[in-house]
Amino acid sequence: MNDRYQSPLSERYASKEMQYIFSPDMKFRTWRKLWIALAETEKELGLPITEEQIEELKAHADDINYEVAKEREKLVRHDVMSHVYAYGQQCPKAKGIIHLGATSCYVGDNTDIIVMAEALKLIRKKLVSVIDELSRFADRYKAQPTLAFTHFQPAQPTTVGKRATLWLQEFLMDLEDLEYVSGSLKLLGSKGTTGTQASFLELFEGDQETIDKIDPIIAKKMGFSACYPVSGQTYSRKVDTRVLNILAGIAASAHKMSNDIRLLQHLKEVEEPFEKNQIGSSAMAYKRNPMRSERIASLARYVIVDALNPAITSATQWFERTLDDSANKRLSVPEGFLAIDGILDLCLNVVDGLVVYPKVIEKHLMAELPFMATENIMMDAVKAGGDRQELHERIRELSMEAGKNVKEKGLDNNLLELIAADPSFNLSLDELKKAMDPTHYTGRAKEQVDTFLANVVRPVLEQHKEDLGVKAEIHV
């Protein structure tokens, strides 16, 4: 296999479980389950189909004779009819009733919905596990003061855990969206070539009441609550758009988190897991590159752009159907899921092993804290008898001087020393240093984390406790 293209999504990024969901085996076994459901439904509604024929179909539901189907497709150039033929070879008694009244989209489109539903279940499990790991991280570091950044410039301190809740909240939004779309998925059912069920009108001799029962029975047999009430030959391609928008949303959340981690790793405040024998650079042996976070960002961009495919496909379908959706769907839908599967495995791995360096965080924070403490210092000086307006101007001037020392001369921030030397403030250096407790400047960050985890995150995790425990499948 080294002489042909191999997809990195299957070779490097996606889990075996997700790969199986989009495998030929899953697809064609589902086709056969749908043919069985159709035959059972038609028998239950009065067509002359025997139990013996149904049992014969069930006996060969999983042992698919792929070679027969492949040879037949070379001749007839039609994948569905090739598999109808192959199934009929194994089931001679039932051969004449396989696919009765159906069109190709009966197996093709219903299978696409079933496969996407299964893939969303796996994505949900991994997303819940990422949320769980992030909540543990946020709780562990909820009281660890750190510099916050606006415009990537030092701003009022927050805590490491509070910052993690920003990532966490976005993944929770993704979970809400996923549950809504997943819960709204319906089957196409069996509506014929243009969605009118004309073939069933013929089969059931115009019995409308009986025909109305076909789709609900098939949906129930396949584990769905309903079929879409109207369709052309296919289910609306708007469905694919909604599904891939979920994946793109997760990708955006993961990209945001991975970018923050990459920037923090540059600052040496936080570091993603680094294996004992891992090589960071082929030239620079000392390097510890954030390659997992970089991979998350790289794959996330792919998924975000991939979401355009079903949107454009949905917009350009003609009337009851055209076939320009087919080749695009075969690529965009599976690859979107395979990529987001790999992204969530990487997120789980990164968050589970995320390393925090409190001493570096403290060093960076203390270098900037005097600037952020100036309002408190000014208030203390006013209490000591100073004039607020005069003190404000002096702090502005001294801050500019300290900033110049840092930026132009490479010196440490000496703002406290400058203030202590200024008689206007009437404060000693020791008194000023007592104001340098970082916890005085993180506001309600710790309390916000506690409230958010207790009131928002834990009820969600309790609701999805059966989804927890997914292990990340990371490829080197």
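1. In this predicted model, residues 24 or more positions apart account for 78% of the contacts in the protein chain that have a separation of 6 or more. Buried residues make up 49% of the 476 residues.

2. On secondary structure, the protein chain has 21 helices and four strands.

3. On overall dimensions, the C-alpha trace of the protein chain spans about 105 × 55 × 40 Å along its principal axes. The radius of gyration of the chain is 31 Å, whereas a compact globule of 476 residues would have one near 23 Å.

4. The largest nonpolar core has 111 residues, and Phe337 and Ile343 are those with the most contacts inside it. Helix α7, residues 104-140, gives this core its largest share, 19 residues.

5. Phe337 deserves a separate look. Leaving out residues up to four places away in sequence, Phe337 touches Met18 and Phe22, then Met116, Ala119, Leu120 and Ile123, and also Val243 and Leu247. Of these partners, Met116, Ala119, Leu120 and Ile123 have numbers that lie in the range of helix α7.

6. A second core, separate from the one above, has 21 residues. Among them are Leu365, Ala381, Leu398 and Leu415.

7. On the surface, the protein chain exposes about 24200 Å², and carbon and sulfur atoms supply 52% of that area. The chain carries 60 positive and 71 negative charges. The mean positions of these two sets of charges are 3 Å apart.

How values were computed
Residues numbered from 1 in each chain as written. Predicted model: local features only at pLDDT ≥ 70, side-chain atom pairs only at ≥ 80, totals over all residues. Heavy atoms only, no water. Helix = DSSP H or I, 4+ residues; strand = E, 2+ residues; numbered from the N terminus. Rg over C-alpha atoms; globule rule 2.2 N^0.38 Å. Buried < 20%, exposed > 50% of the residue type's maximum accessible area, 1.4 Å probe, protein only. Contact = heavy atoms within 4.5 Å. Areas by Shrake-Rupley, 256 points an atom, 1.4 Å probe, with all protein chains shown as cover. Lys, Arg positive; Asp, Glu negative; His and termini not counted. Charge placed at Lys NZ, Arg CZ, Asp CG, Glu CD. Core = buried A, V, L, I, M, F, W, Y, C linked by side-chain atoms within 4.5 Å.
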